[in-house]
Amino acid sequence: MKYENDFLLKLYKDLLETRLLEIKMTDLYAESRVPGHIHSGTGQEAAFVGVLATRKPGDYFKLPHRVVSSAYLVGDPLDTFFGEILAKKTGNSGGRGGINHLGRLCDGVLGMSGTLGCDAAIPVGAAMTIEAEGRDNVAFFFVGDGATNRGPVYEAMTLAADWKLPVVFVCINNGFAISTPITYASPVPNVMADKAAGFNMPAVIVDGTDVLDTYEGASKIVEGVRAGNGPAVIECKCCRWRGHFEGDPGNYKPKEEQEAWLKKDPIPRFKTFLLENKILTAEEIAALDQQVKDEMAEAIRFADESPDPAVETVVQDIYSDIVEEVRAR
């Protein structure tokens, strides 16, 4: 497949930004500046960047706890991104949601759930909105291999398939559900793609460490969903380099297997491709790297200087407020 240079440059910038954001978040957490848990997505960037390169305005996104920086990919400004992570008033939720609960409906980000898999019906509901409004958009549901085994995921897949709703189920298969290997938890190696036929859904399996392979597989699937053919599955094979959360040493992961995955780092793989094809020079890559780091530093400075949320805001925008607002109409 032939690509425009601008598209390849955008892919690399997205990869680089996602990687540097994931690293920066773990650094901030190590400095005890981030309330809550960090679930590092370092190593999984290409799976998100490749799939999300197929997005268009009006799409919806149900994002997971790992590779939180994917919220930035779909529009969350760095100021509000770091504002929420550092629990500041300038964050998406005024600093009350925290890193695992980013949401920004104006960008289509449907928020994040406290537990995984139980939120599978939310993108299906968003897809019903798309269908009712007659748009050619889709709702992306990102889910880990472990959470795919939860009942709500299959209920959501059943409804989406029955009603031919425009949902793209994206399984990020990094081989482990916390510490449980997929070989133990699933009777099939491709935990979601191998089961897609049971829902009459097309599926594709991609190398989630290769951004172009991911994009090419995802683009065909997403095109079919946009055309009104009903939901489909994308399964991205990749690896999380760190533990399930920061503080988890990940000793349950076989050393040889981990080392093999580390050699498939998506950033240098794509960088080599760009250099060999003369899309970018080494100097341009270095300049881009510094630009992204400078932008992050400025956003963090802004967040540090922003006010903390007031104590009384802890009871604002909760469910009871919404109920009262609806009753008052």
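Is Lys164 buried, exposed or partly exposed? I looked that up before anything else, and at 47% relative accessibility Lys164 counts as partly exposed. For my own memory: buried is under 20% relative accessible area, exposed is over 50%, and partly exposed is in between, with a 1.4 Å probe and protein chains only.

**Ground rules**

I am looking at a predicted model, where local features need pLDDT of at least 70 and side-chain atom pairs count only at pLDDT 80 or more, while totals for chains, interfaces and linings use all residues. Residues are numbered from 1 along each chain as its sequence is written, and side-chain values use heavy atoms, with hydrogens and water left out.

**Odd phi angles**

I stayed with Lys164 for a moment. It sits in the loop between α6 (151-162) and β3. Helices (H or I, at least four residues) and strands (E, at least two) are DSSP runs, numbered from the N terminus. Phi of Lys164 is near 50°, which is positive although the residue is not glycine. I noted this because most residues other than glycine have a negative phi.

Ile178 has a positive phi too, near 60°. I found Ile178 in the loop between β4 and β5 (180-181), and at 47% relative accessibility it counts as partly exposed. Another one is Ala87, which follows α4 and has a positive phi near 60°.

**Strands side by side**

Next I traced the strand pairs; two strands pair if DSSP finds at least two bridges between them. β1 (residues 60-62) runs parallel to β2, with three bridges, and Tyr60 has Ala139 of β2 as its bridge partner. β2 also pairs with β3 in the parallel sense, over six bridges. There, Gly144 is matched with Ile172 in β3. From β2 the chain goes through α6 to β3, and this β-α-β crossover is right-handed. That label means that, with the strands pointing away from the viewer, the path from the first strand over the helix to the second runs clockwise.

I followed Ile172 onward: its bridge partner in β7 is Cys236. β3 (residues 167-173) and β7 are parallel and joined by six bridges. On β6 (residues 203-207) I counted five bridges to β7, again parallel, and Ile205 stands opposite Glu235 in β7. The chain gets from β6 to β7 through helix α8 (residues 211-226), in a right-handed β-α-β crossover.

Why call β7 largely enclosed by the rest of the structure? Five of the six residues of β7 (residues 232-237) are buried, so that description fits. I wrote the same for β2, because five of its six residues are buried.

**A stop at Asp213**

Asp213 is in helix α8 and is partly exposed, with a relative accessible area of 32%. Skipping neighbours within four places in sequence, I found Asp213 in contact (heavy atoms within 4.5 Å) with Val206 and Asp207. Asp213 and Cys236 are 23 residues apart in sequence and 9.9 Å apart in space, C-alpha to C-alpha.

**Helix α4**

Seven of the eight residues of α4 (residues 78-85) are buried, so this helix is largely enclosed by the rest of the structure. Among the buried ones I ticked off Leu78, Phe81, Phe82 and Ile85. The buried residues of α4 pack against α1 (5-30), α3 (70-73) and α11 (282-305).

**Pockets**

I had to check the wording here: on a 1 Å grid over the protein atoms alone, a pocket is an open set of points where a 1.4 Å probe fits, with protein on both sides within 12 Å along at least five of seven lines, and lining residues have an atom within 4 Å of a point. Grid points are joined across faces, edges and corners, and a volume is the space filled by probe spheres set on the points.

The largest pocket holds about 460 Å³ of space. I listed 24 lining residues, with Arg66, Leu116, Gly144, Ala147 and His244 nearest its centre. Which strand gives the largest share of this lining? It is β2, with four residues.

The second largest pocket has a volume of about 180 Å³. It is lined by 13 residues, and Asn173, Asn174, Gly175, Ile182 and Glu257 are the closest to its centre. α7 (182-185) and α9 (255-262) each supply at least two residues of that lining.
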